[in-house]
There are 2 protein chains.
Amino acid sequence: MTASLRANIEHTVGRPLSDEEFNTFCALTFEKSFDNKAHLVEEGKVCRYTYFVLQGSCYSYITDEHGDKHALQFALENYWISDLYSFISGQPAIYNIEALEPVTVLMLNKEGFQKACDLIPIFERFFRIQMQRAYVAIQYRLAKTNSVDAESRYEEFSHLHPDFLQRIPQYLIASYLGIKPQSLSRIRKEMASKK
Amino acid sequence: MTASLRANIEHTVGRPLSDEEFNTFCALTFEKSFDNKAHLVEEGKVCRYTYFVLQGSCYSYITDEHGDKHALQFALENYWISDLYSFISGQPAIYNIEALEPVTVLMLNKEGFQKACDLIPIFERFFRIQMQRAYVAIQYRLAKTNSVDAESRYEEFSHLHPDFLQRIPQYLIASYLGIKPQSLSRIRKEMASKK
DNA sequence: CGTCTATTTGAATGTACTCAAAAGCGGTGG
DNA sequence: CCACCGCTTTTGAGTACATTCAAATAGACG
């Protein structure tokens, strides 16, 4: 079950892990399953884990002053997700993470995270590279949010994440793109009529 | 002149650097100055460096299909800035970085970056933590972009970066917030009349 | 003082929004 | 198997807010 985790790490750091490295890391994690719509992280409570999705999916969102939800990240199989600020700082989470389907995750707490970084140098590297990638991706997304219209953003999203379209409801994709579900519906209609 | 760099790194990793560690790192960097409005990084060309601002300021932006600029990041003294995707991958940059004032930077190229990570473990950690912070900050900014109105974003920006208000022209702040300069002008007028 | 750039203001426009309702879709139980 | 229920998506009509275009004012710099 953790083969996908091993592949994920090896792919990121660019070399195979020794069994010792990998087993040491695995000993710091544990597996858990959540029902559909269960909360992995709740706003206001400390987020004590970082999660690696083995099976199923979940997503993070922020709630605004009107109670509306705004999707931030979707995590399907082989994605990592957390409220990183809360996880690192121990402050209450400002995001929620909720199962989108029944989901099985590997969980790593802060002590485990720090041990991994301290004791297994390749894991410090792994998290560094992972962070770099995540940063590059989200910076690009922000740049596009501020510079291109919703239709182009949806088009790019569709090409970049065709798998997401199959498994994530449209109203959450709209929210991820920073628009209302009605607007996305109209955009799709418009795009369909062009082709 | 590099005292500020040392302080920046020590603050991030949470312990003093040995002279050996710091000097080894410094040997990988060099200092350079740019005139106001000079380009440190140009869209389409590979970004070969990551920059640490010693004196002055610069900012990164993306250009849209109408030729309009959208500010992404401002870098004053003690900030790091780069087109990280281009720097890491060697692909052409999609952002520009331009001096906002005459600016003096320390420059670290990819080989230097990799050597630092490989040879001085604390630098792997430094970049990991720096990336974490940058990711947390930009994720928060994206979340707010999608969930609160421009007036609140400006208000938060003012409180978070009062120093920026002094040194960065308003039309760039507007662009950073994802709105037009005229709109920011009206927002400020509105806010002034409330108090 | 004059030029260039940045900011403010006004008026008209347009894009995405809200509110509201209908249609579609899936699952459950009679 | 079909009827019903809850949830998602679509559609329509009116609205609101940021935008565009245009011009005036203010500031910075040589």
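# Chatting through a predicted protein–DNA model

Q: Hi! Let's start with the two protein chains: how many residues of chain B are in contact with chain A?
A: Hello! In this predicted model, 27 residues of chain B are in contact with 27 residues of chain A.

Q: Which elements of chain B supply that side?
A: β5 (69-75), α3 (84-89) and α5 (121-147) of chain B each supply at least two residues of the side that touches chain A. The largest share comes from α5(B), with 18 residues.

Q: And what's the mix by class?
A: The side of chain B that touches chain A has 15 nonpolar, seven polar and five charged residues.

Q: I've got my eye on B:R128. Where does it lie?
A: B:R128 lies in helix α5 of chain B.

Q: Buried or exposed?
A: B:R128 is buried, with 24 other C-beta atoms within 10 Å. The cut-off for calling a residue buried is 20 or more.

Q: Which residues does B:R128 touch, leaving out those up to four places away in sequence?
A: B:R128 touches A:E124, A:F127, A:R128 and A:M131. Within its own chain, the C-alpha atoms of B:R128 and B:V13 are separated by 9.4 Å, though these residues are 115 apart along the chain.

Q: Switching to the DNA. Which residues come nearest to strand C?
A: Of the 15 residues around DNA strand C, the nearest are A:K180, A:S183, B:Q170, B:Y171 and B:S185. Elements giving two or more residues to that surface are α9 (181-194) of chain A, plus α8 (170-177) and α9 (181-194) of chain B.

Q: Which of those gives the largest share?
A: That's α9(B), with six residues of the surface near DNA strand C. By class, this surface divides into five nonpolar, five polar and five charged residues.

Q: What about DNA strand D, which residues are closest there?
A: 15 residues surround DNA strand D, and the closest are A:Q170, A:Y171, A:S185, B:K180 and B:S183. Here α9(A) gives the most, with six residues. At least two residues each come from α8 (170-177) and α9 of chain A and from α9 of chain B. The surface near DNA strand D has five nonpolar, five polar and five charged residues.

Q: Now the core. Which members of the largest nonpolar core touch the most others?
A: Among its 92 residues, A:V53, A:C58, B:V53 and B:C58 touch the most other members. Domain 1 (3-132) and domain 2 (148-195) of chain B both give residues to this core, so the core lies between them.

Q: What is A:C58 in contact with, beyond its neighbours within four places in sequence?
A: A:C58 is in contact with A:L40, A:V53, A:A75, A:I81, A:I97, A:E98, A:A99, A:L100 and A:V103.

Q: A:I97 is on that list. Where does it sit among the strands?
A: A:I97 is in β7(A), where it stands opposite A:V41 and also opposite A:S60. Two antiparallel bridges join β2 (residues 39-41) to β7 (residues 96-99) of chain A, and four join β4(A) to β7(A), again antiparallel.

Q: Which sense do β4(A) and β5(A) pair in?
A: Antiparallel, over six bridges, with A:I62 standing opposite A:H70 in β5(A). β4(A) and β5(A) form a hairpin with five residues between them, and A:G67 in the turn has a positive phi of about 85 degrees.

Q: Last one: why is β5(A) described as largely enclosed by the rest of the structure?
A: Because six of the seven residues of β5(A) (residues 69-75) are buried.

Definitions and conventions: Residues are numbered from 1 along each chain as its sequence is written. Chains are lettered from A and ligands numbered from 1 in the order in which they are written. This is a predicted model: local features need pLDDT of at least 70, side-chain atom pairs count only at pLDDT 80 or more; totals for chains, interfaces and linings use all residues. A nonpolar core is a set of buried Ala, Val, Leu, Ile, Met, Phe, Trp, Tyr and Cys residues joined through C-beta atoms within 7 Å. A residue is buried if 20 or more other C-beta atoms lie within 10 Å of its own, exposed if 12 or fewer, and partly exposed in between; C-beta atoms are placed from the backbone. Domain bounds come from an automatic or database domain assignment. Two residues are in contact if their C-beta atoms, placed from the backbone, lie within 7 Å. A residue is near a molecule or strand if its C-beta atom, placed from the backbone, lies within 6 Å of it. Ala, Val, Leu, Ile, Met, Phe, Trp, Tyr, Cys and Pro count as nonpolar, Asp, Glu, Lys and Arg as charged, and the others, Gly among them, as polar. Two strands pair if DSSP finds at least two bridges between them.
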